[in-house]
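Visitor: I would like to go through this model a few features at a time. Please keep the answers short and end each one on what I asked for.

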Amino acid sequence: MTSRNPRDSRLRLVSPRTLAAAPRAAVNQRRRPAPRPPEGTPPPVELARMARAVLADAATVARWADTALRPGREGADADGKGTLSDATAERAAAELGLTPDQVRHDWDTARLAGLVEVHGDSARPGWRLRAWHRDDSAVLRGWVALFDAWSIAHPEPADLEPAAVAEVVSAMPQVLSFLQLSAGPVPVEQLLDLLEQRVIELRTERCEIPYGPQPEPSTEPGAEDTPLAPLTPLLEWSLRALASVGALTYGDAQATLTPLGSWAVWVKLEQICVAAQSPAGNIEVAAEDMLRGCAQLRPNAARAEYRAWLAARPVGAAVTELIDAARGEDALIRGLAFEALRVVGAPAEPDVRTVVDETPLRPYALLWLAEHDGADPEDAHEVLTREEATWLWVDTAAAVADHGEAPLLVRHLESAVQATVPALLDEVRAVGHPRTVQVLVALAAAHPDPALAKAVRRAAFQVHTGGS
């Protein structure tokens, strides 16, 4: 995957594997006390209040769409690709007292935050909108999803070099970590120095050496500052974009993380550094907690843990609990739940058959049934249609993006059924997985090839905007 021309990028064809058969996410399952956020971090209820304030306009537009565009209502025809038509935007603007541009912006924010989910050519309210008033964690997850997609929520100006934009997007996590550790205002000049260092590191990691004769170093006064100049507008755009999603404040030549932004960066650092729980004690916990406790175990050890957990409860109740866990938002848990159902065997078959028509569970259920009916696990993927295999690829990528490391996400490209990156992107865009944008954003940030990362990032933007 080193071609600089995405149209020629070939994918090695390998049999798609279920999530649980893929390399485990980088999560160390050792028990330790729950980590505490830095001193001064507001409690979750206060953070959720802040997140609701940031997403309030988006939630208003999402609720309006839920009421006004529900099937059977007059003027509720699909606008195509989950976007708002001009007529619908103008109608919403008139009823909500906004401008059409504000409506479109709030609609896009609602999509990125999961308040609206796009499925094929239609959009529907997301579970986070349903849980808006009763579930603080759902609201915070929605805001974190918007925070993760800051570069799409506030697209870069057209005059910026796409390859440089991709580098800066990849470098910003280190800048945000520095802001979080600083716990106060940081001069933009200092952030610019840090950004330049990180971009140089990224280029060094790619072994990017300029080709051909290079000009002699300039001895003119101030020449040593020239490498910083191209990054100045990129840093300014990044800070304004992060400010637009409520992650920081930016003004007077300095930037400061908001409490929400500081908390989100801390959470992401914890996800990288935290040692998670060991399997000890998993037998007595709920299915989802048990599956998380087994995530880093080797297959044989995990199966032993599944057997012990299953032996401690009636099989019918255990199967129901595993399937309910699979219906959750976390794709890692979904894949592990079906691995546990493989241990259950024949008693789980009726319940597995009942979820075949549920889109998020269908690929997993079909693979489970094929293996149960005697198919070789390496050949079971043949029961999936191209669309189902692509959905599973995106779902697995979402799990890797949430729990794994960047190299693992890049290697996940090899498991796609498509022969080229452009073909993969076209089919990923068409399949309508609700995590498509976040997956493509993460893959673009992780991939070392600037040309390929640019193509993936463009695809993410097109999915977000409903463009082609």
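**Salt bridges, a sheet and the chain as a whole**

Guide: This is a predicted model. To start with one side chain, R342 has a relative accessible area of 22%, so R342 counts as partly exposed.

Visitor: Which residue meets R342 in a salt bridge?

Guide: R342 lies in helix α14, and its partner sits in helix α16 (residues 362-372), 29 residues apart. The partner is partly exposed, with a relative accessible area of 24%. The N to O distance is 2.9 Å, and the residue is E371.

Visitor: Which residues are joined into one network by salt bridges that share partners?

Guide: Salt bridges that share partners make one network here. Its members are D86, D101 and R104.

Visitor: How many salt bridges are found in the whole structure?

Guide: The pair E371 and R342 is one salt bridge. Another joins D395 and R334. The search of the whole structure gives a total of 25.

Visitor: Are the side chains of D395 and R334 buried or exposed?

Guide: The two side chains meet in a salt bridge at 2.8 Å, N to O. This pair links distant parts of the chain, with D395 in helix α17 (residues 386-403) and R334 in helix α14 (residues 331-344), 61 residues apart. Buried means under 20% relative accessible area. D395 has 2% and R334 has 5%, so D395 is buried and R334 is buried.

Visitor: Why does the pair R203 and E167 tie together separate parts of the sequence?

Guide: R203 and E167 form a salt bridge, with the closest N and O atoms 3.0 Å apart. R203 belongs to helix α8 (residues 188-205) and E167 to helix α7 (residues 162-182), so the parts tied together are 36 residues apart in sequence.

Visitor: Which relative accessible area does R203 have, and which does E167 have?

Guide: R203 is partly exposed, whereas E167 counts as buried. The value for R203 is 36%, and the value for E167 is 8%.

Visitor: With which side chain does T88 make a polar contact?

Guide: T88 is placed in helix α2 (residues 86-96). Its relative accessibility is 6%, so T88 counts as buried. The polar contact runs from side chain to side chain at 3.0 Å, and the partner is S85.

Visitor: What is the strand order in the open sheet of 3 strands?

Guide: The pairing in this sheet is antiparallel. β4 (186-187) and β5 (248-251) each have a single partner strand, so both stand at the edges, with one side of each left without a neighbour in the sheet. The order is β4-β6-β5.

Visitor: Which helix packs on the sheet?

Guide: The helix touches β5 and β6. Its direction makes about 135 degrees with that of β5. It is α9, residues 231-244.

Visitor: How many bridges join β4 to β6, and over how many do β5 and β6 pair?

Guide: β6 covers residues 254-257 and runs antiparallel to β4. V186 stands opposite A255 in β6. On the other pairing, G251 has Q254 in β6 as its bridge partner. The counts are 2 bridges for β4 with β6 and 4 bridges for β5 with β6.

Visitor: Which residue takes a positive phi in the hairpin of β5 and β6?

Guide: The hairpin has 2 residues between the strands. The phi is near 55 degrees, and the residue is D252.

Visitor: Which side chains of β6 point to one face and are buried?

Guide: Side chains alternate along β6. Q254 and T256 point to the other face and are not buried. The buried ones are A255 and L257.

Visitor: What share of the residues of the chain counts as buried?

Guide: The chain has 21 helices and 7 strands. It exposes about 22800 Å², of which carbon and sulfur atoms supply 53%. Of its 468 residues, the buried share is 47%.

Visitor: What share of the contacts with a separation of 6 or more comes from residues 24 or more positions apart?

Guide: The count takes in contacts in the chain with a separation of 6 or more. Residues 24 or more positions apart account for 70%.

Key. Residues numbered from 1 in each chain as written. Predicted model: local features only at pLDDT ≥ 70, side-chain atom pairs only at ≥ 80, totals over all residues. Heavy atoms only, no water. Pairing = 2+ DSSP bridges. Contact = heavy atoms within 4.5 Å. Axes fitted to C-alpha atoms, helices over the stretch in contact; angles between N-to-C directions. Salt bridge = Lys/Arg side-chain N within 4 Å of Asp/Glu carboxyl O. Buried < 20%, exposed > 50% of the residue type's maximum accessible area, 1.4 Å probe, protein only. Polar contact = N/O pair within 3.5 Å; in protein donor to acceptor, adjacent residues only side chain to side chain. Areas by Shrake-Rupley, 256 points an atom, 1.4 Å probe, with all protein chains shown as cover.
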